[in-house]
Every structure is written in C-alpha cells, then in structure tokens.
Amino acid sequence: MDTKPLSTCTKSKYRDENQIQIFIDKFNKTKSKNNTKVLRGYLCEKCTCWHLTSLSEHNKQDEAKIKALHGEIASCKKTLTKRKNIILEYESETLFQAIKRILFK
Ligand SMILES: [Zn+2]
C-alpha cells in the first residue's frame with residue numbers, strides 16, 4: 001500500500017488499478033456466501049490514489065449526483081424556455097414590421 005504525502009484521505013490507498021484488483025479478487029475468493037458486499041476501486045480526485053468502496057456506498061453517491069444534475073437540467077430548461085419566448089417575440093415583431101412595410105409602403 002502506498003501513502004502519498006500531502007493527502008488528506010484517510011481511506012486505504014492503492015498505487016494503481018492493478019493493485020486494487022488483486023485485493024478485490026482476494027476478497028471475493030474469501031468472502032462467505034451470504035456476504036453480498038461488492039467492492040469496487042476508484043481513482044480519488046483528492047489524493048490521486050486508488051481507494052476501495054463498496055458498491056452500495058458508491059450508488060448512494062451517484063444518486064446524489066444524479067439528483068443534483070436533474071435540478072440543473074430543470075433550471076436549464078426554464079432558462080431555455082424564457083430565451084425561446086424572447087426569440088419568438090422578437091421574430092414575430094420583426095415579421096410584423098416586415099409585413100407592415102410591404103402592405104403600407
Ligand atoms: Zn483519496
């Protein structure tokens with residue numbers, strides 16, 4: 001196991017994906033049948049080391065991210081609708097002016 005200086009992570013650190021895979025393989029071989037825990041390795045953005053996470057733990061993090069993204073999408077859609085309306089207003093006004101110019105030259 002490697003420990004890099006200046007890192008704030010308290011989780012066990014692994015040098016690379018290969019090292020972590022060896023650990024996961026060992027874990028899977030030794031775990032009992034009713035232990036359904038699934039381990040996964042991921043690259044940490046904070047310390048650039050690999051950590052272990054159980055899949056359920058990871059799913060929770062993903063769910064929170066997905067929820068936040070849904071919020072962003074909704075707010076983007078609102079902004080888009082507003083802008084669309086402005087464009088439509090502008091276009092119909094321009095069209096109206098053009099027709100007026102043609103009819104009342
Ligand atoms: Zn880390």
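# Reading strand pairing and exposure

Tutor: L39 stands opposite S54 in β2. The model under discussion is a predicted one.

Student: What makes β1 and β2 a pair of strands?

Tutor: Pairing requires at least two bridges between the strands. Five bridges join β1, residues 39-43, to β2, residues 50-54, so the criterion is satisfied. The two strands run antiparallel. Besides L39 opposite S54, the register places G41 opposite L52.

Student: How many residues lie between β1 and β2 in the hairpin?

Tutor: Six residues separate the two strands of the hairpin. One of the residues in this turn is T48.

Student: What is notable about the phi of T48?

Tutor: The phi of T48 is near 55 degrees, which is a positive value in a residue other than glycine.

Student: Why is T48, in the loop between β1 and β2, called exposed?

Tutor: T48 has 11 other C-beta atoms within 10 Å. A residue with 12 or fewer is exposed, and T48 is therefore placed in that class.

Student: Is Y42, in strand β1, buried, partly exposed or exposed, and why?

Tutor: The count for Y42 is 13 other C-beta atoms within 10 Å. Burial begins at 20 and exposure ends at 12, so Y42 is partly exposed.

Student: Which residues is Y42 in contact with, leaving aside its neighbours within four places in sequence?

Tutor: Those residues are W50, H51 and T53. A contact means that the C-beta atoms lie within 7 Å, and these three residues meet that condition with Y42. As for L52, its C-alpha atom is 6.6 Å from that of Y42, although the two residues are 10 apart along the chain.

Student: How do you know which exposure classes apply to F27 and N28?

Tutor: Both belong to helix α1, as the assignments of F27 and N28 show. F27 has 14 other C-beta atoms within 10 Å and is therefore partly exposed. N28 has 12 C-beta neighbours inside 10 Å; the limit for exposure is 12 or fewer, so N28 counts as exposed.

Student: How far apart in space are these two residues from V38?

Tutor: From C-alpha to C-alpha, F27 and V38 are 9.3 Å apart, with their positions 11 residues apart in sequence counted as a separation. For N28 and V38 the distance is 8.2 Å, at a separation of 10 residues in sequence.

Student: What is the span of α1 from its first C-alpha to its last, and what is expected?

Tutor: Helix α1 has 14 residues and reaches 20 Å. The expected value, at 1.5 Å a residue, is 20 Å, and the span is close to that figure.

Student: Why is α1 called hardly covered?

Tutor: A residue is buried if 20 or more other C-beta atoms lie within 10 Å of its own. The count of buried residues among the 14 residues of α1 is one.

Student: What percentage of the whole protein chain is buried?

Tutor: Buried residues make up 5% of its 105 residues.

Student: In what order do the elements of the protein chain run?

Tutor: From the N terminus on, the order is α-β-β-α, which accords with two helices and two strands. Among contacts between residues at least 6 apart in sequence, 48% join residues at least 24 apart.

Terms used: Residues numbered from 1 in each chain as written. Predicted model: local features only at pLDDT ≥ 70, side-chain atom pairs only at ≥ 80, totals over all residues. Helix = DSSP H or I, 4+ residues; strand = E, 2+ residues; numbered from the N terminus. Expected span 1.5 Å × (residues − 1). Contact = placed C-beta atoms within 7 Å.
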